[in-house]
Amino acid sequence: MLTVKRKQGTAYTRHFLYSLIAGLIIGISALTLYLLQAKMRPPARIDAGHFTVEGDASFDGLIPIQPPIPLPDFTLANVEGAETSLSDLRGRFVLLTFGFTNCPDICPLTLNDFEQISDMLGDLSRQAAFLFISVDGRRDTPQALRRYFEFRGMEGLIALTGDEALVRRIGAPLGLAFEVVGDEATGAYSVNHSAGSYLLDPEGRWVMRYQFGVPPSRIAADIARLLTS
């Protein structure tokens, strides 16, 4: 009789433990699902005039620059090794981004967005320029840039490169920051840099900042509106 009771007690304990484990698994799964849904939920917005508040309330990634900021002219080397200046692009809206060809994620995604924006603009894209400036002039020579963009079939994009000090001066008015991480001597390094893009008007003034992740359709709509207004 005692043996039977022990067996019943052992079975009850095992059943209780299984139930507890199952409950924990269900609870963890529910919490994970909630966190994923919360992350995907459209963020709340706080109206703060031209800017939205970052922090507890997310913002939509669009920052109008009011009043527009005139950028100093600059000259860098293009994929042919010749010089291209910002003033050469006067008369067109310029969508500008900074990056480097060894970037594994953000830069290729941004360039993909640029391609989509150009396609969405259709004939209007002739009145816009898409500009990539390297923050890795050591490795991103004109020849390296040409090979990279030809391989990706992005010959319509303007790619420029230059020494680090010059690129820092160009990016300073835009709030650009970047730093080399790793062993520069062996070339085994990466470059942490500001992500996103900057819209310049036909006079070379900075008018909009787009955070990384803003949908290409939203940027294309902005440029189309400005081109047709």
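What percentage of the 229 residues of the protein chain count as buried? In this predicted model, the share that counts as buried is 37%.

**View 1. Overall make-up of the protein chain, with five helices and 12 strands.** The accessible surface of the chain comes to about 13,500 Å², and carbon and sulfur atoms account for 57% of that area. When contacts in the chain are restricted to residues at least 6 apart in sequence, 66% of them join residues at least 24 apart.

**View 2. The aromatic pair F98 and Y198.** A pair of aromatic rings is described by the distance of the centres and the angle of the planes. With ring centres required to lie within 6.5 Å, the count comes to five aromatic pairs. In the pair of F98 and Y198, the centres are 5.9 Å apart and the planes stand at 80°, so the arrangement is edge-to-face. Because F98 belongs to strand β6 (residues 93-99) and Y198 to strand β11 (residues 197-200), this pair ties together parts that are 100 residues apart in sequence. Both F98 and Y198 are buried, and together with W206 they form one aromatic cluster.

**View 3. Arginine side chains placed over aromatic rings, at Y189 and at F178.** The charged end of R139 sits over the ring of Y189, at 3.7 Å from the ring centre. For the second site, R168 lies over the face of F178, and the distance to the ring centre is 3.9 Å.

**View 4. The buried and exposed sides of helix α3 (residues 142-151).** The buried residues of α3 are P142, A144, L145, Y148 and F149. They cover an arc of only 160° around the axis, which puts them on the same side of the helix. An α-helix has 3.6 residues a turn, so residues three or four places apart point the same way. On the other side of α3, R147 and F151 are exposed.

**View 5. Surroundings of helix α3 and the residue G153 that follows the helix.** The elements that cover the buried residues of α3 include the helix α2 (106-121) as well as β4 (75-77), β7 (128-134) and β8 (158-160). After α3 comes G153, whose phi is positive, near 70°. Seen alongside the preceding view, this close-up joins the buried residues P142, A144, L145, Y148 and F149 to the elements covering them, among them β7 and β8.

Notes. Residues are numbered from 1 along each chain as its sequence is written. Side-chain values use heavy atoms; hydrogens and water are left out. Rings of Phe, Tyr and Trp (its six-membered ring) pair if their centres lie within 6.5 Å; planes under 30 degrees apart count as stacked, over 60 as edge-to-face and the rest as tilted. Helices (H or I, at least four residues) and strands (E, at least two) are DSSP runs, numbered from the N terminus. Buried means under 20% relative accessible area, exposed over 50%, partly exposed in between (1.4 Å probe, protein chains only). A charge sits over a ring if NZ of Lys or CZ of Arg is within 6 Å of the ring centre and within 35 degrees of the ring normal. The arc is that of the directions from the helix axis to the C-beta atoms. Contact means heavy atoms within 4.5 Å. Accessible areas come from the Shrake-Rupley method with a 1.4 Å probe; for residues, only the protein chains shown count as cover.
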